[in-house]
Amino acid sequence: MIQWIGAIMLLCGCAAWGITAVMRLRRRTQVLDSLCMALTAMRMEICDRMAPMPEVFLHLSQELPYPAAALFENLSRDMEQLGRRPLAEIWRRAIEETPGMLLTPQEELCLSELGLALGKYRVQEQGAAIAYTLQRMERCAGRAHEEQKRDGRLHACLGVAAGVFAVILLI
């Protein structure tokens with residue numbers, strides 16, 4: 001009886017491992033989609049309303065879903081250091097310090113590069129930089145969606161299969 005309980009626990013643990021991998025893939029696509037939405041809103045705020053950066057960051061921190069909202073909340077909080085630190089550094093650190101972003105190093109670099117243009121150039125150039133970053137992030141989001149479709153069922157099946165295999169070996 002104890003063997004069967006252990007076998008069921010092992011099977012459930014392996015299945016949970018697979019499901020956790022599936023949830024991580026799904027969460028990653030949600031993060032990238034929310035960042036694309038954030039960049040679109042940011043471009044409209046800067047180019048159409050010509051709002052100042054602190055106001056843009058505060059507005060986006062209140063309007064966007066997590067973790068994009070957390071990113072802009074960190075930016076809004078750190079804007080008080082703007083005279084002592086350049087905006088590009090504040091932008092980069094906010095990206096690094098925001099939990100739950102699930103970005104690859106390439107995606108993080110892409111997003112960080114936007115900080116080099118913010119606040120330095122005219123509105124049109126900032127809008128162009130945001131549009132370029134948005135285009136790159138949309139490609140990353142597309143790849144993440146493809147990865148989720150391709151690998152989602154694979155991770156779930158592998159978790160269950162690993163559990164079944166381990167149970168067969170141990171019984």
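These exercises, each with a worked solution, walk through a predicted model.

**Exercise 1. Helix packing**

Task: Describe how helix α1 and helix α2 pack, and find which residues make the contact.

Solution:
- Start with the general idea. Two packed helices are described by an angle between their axes and a distance between those axes.
- Now take the values. Helix α1 covers residues 2–48, and helix α2 covers residues 53–63. Their angle is about 140 degrees, and their axes lie 10 Å apart.
- Add the handedness. The crossing of α1 past α2 is right-handed.
- List the contact. From α1 come A38, A41, M42, E45 and I46. From α2 come M53, V56, F57, H59 and L60.

**Exercise 2. An enclosed helix**

Task: Decide whether helix α3 is largely enclosed or largely open, and say what packs against its buried residues.

Solution:
- Recall the cut-off. A residue is buried when its relative accessible area is under 20%.
- Count next. Helix α3 runs over residues 68–78. Of its 11 residues, eight are buried, so the rest of the structure largely encloses this helix.
- Name the buried residues. They are A68, A69, A70, L71, F72, N74, L75 and D78.
- Look at the neighbours. These buried residues pack against α1, α2, α4 and α5. Here α4 spans 87–97 and α5 spans 105–114.

**Exercise 3. Two salt bridges in helix α4**

Task: Explain why R92 and E96 are about one helical turn apart, then treat R93 and E97 in turn.

Solution:
- Begin with the helix rule. An α-helix has 3.6 residues a turn, so residues three or four places apart point the same way.
- Apply the rule to R92 and E96. They sit four residues apart in helix α4, so about one helical turn separates them.
- Consider charge. Side chains of opposite charge can pair when their charged atoms come close.
- Check the distance. R92 and E96 form a salt bridge, with the closest N and O atoms 3.1 Å apart.
- Check the surroundings. R92 is partly exposed at 33% relative accessible area, and E96 is partly exposed at 45%.
- Turn to R93 and E97. They too are four residues apart in helix α4, so they are separated by about one helical turn. Their closest N and O atoms are 3.0 Å apart, in a salt bridge.
- Finish with exposure. R93 is partly exposed at 30%, and E97 is partly exposed at 39%.

**Exercise 4. Buried or exposed?**

Task: Sort D151 and R150 as buried, partly exposed or exposed, and say how their side chains meet.

Solution:
- Recall both limits. Under 20% is buried, and over 50% is exposed.
- Take D151. Its relative accessible area is 15%, so D151 is buried.
- Take R150. Its relative accessibility is 57%, so R150 is exposed.
- Join the two. The side chains of D151 and R150 meet in a salt bridge, 3.0 Å from N to O.
- Look further afield. E45, R49 and E55 belong to one network, joined by salt bridges that share partners. The structure holds 10 salt bridges.

**Exercise 5. A buried threonine**

Task: Place T133, and find what T133 touches.

Solution:
- Locate T133 first. T133 lies in helix α6, which covers residues 123–170.
- Test for burial. At 3% relative accessibility, T133 counts as buried.
- List the contacts. Leaving out residues up to four places away in sequence, T133 touches L39, C110, L111 and L114.

**Exercise 6. Unusual backbone**

Task: Find the cis peptide bond, and say where M50 and L102 lie.

Solution:
- Find the bond. Y66 and P67 are joined by a cis peptide bond, with omega about 5 degrees. P67 is in the loop between α2 and α3.
- Check M50. M50 is not a glycine, yet its phi is positive, about 55 degrees. M50 lies in the loop between α1 and α2, and is exposed at 58%.
- Check L102. L102 also is not a glycine, and has a positive phi of about 55 degrees. The loop between α4 and α5 holds L102, which is partly exposed at 25%.

**Exercise 7. A nonpolar patch**

Task: Which residues make the nonpolar surface patch, and which helix gives the largest share?

Solution:
- Name the members. L11, V160, V164 and I168 make a patch of about 310 Å².
- Assign the helices. Helix α6 gives the largest share, three residues. L11 is found in helix α1.

Conventions:
Residues are numbered from 1 along each chain as its sequence is written. This is a predicted model: local features need pLDDT of at least 70, side-chain atom pairs count only at pLDDT 80 or more; totals for chains, interfaces and linings use all residues. Side-chain values use heavy atoms; hydrogens and water are left out. Patches are made of residues with over 30% relative accessible area and no salt bridge: like charges are joined within 9 Å, nonpolar side chains (Val, Leu, Ile, Met, Phe, Trp, Tyr) within 5 Å. Accessible areas come from the Shrake-Rupley method with a 1.4 Å probe; for residues, only the protein chains shown count as cover. A salt bridge is a side-chain nitrogen of Lys or Arg within 4 Å of a carboxyl oxygen of Asp or Glu. Buried means under 20% relative accessible area, exposed over 50%, partly exposed in between (1.4 Å probe, protein chains only). Contact means heavy atoms within 4.5 Å. Axes are lines fitted to C-alpha atoms, for helices over the stretch in contact, and angles run from 0 to 180 degrees between N-to-C directions. A crossing is left-handed if the near helix is turned anticlockwise from the far one by less than a right angle, and right-handed if clockwise.
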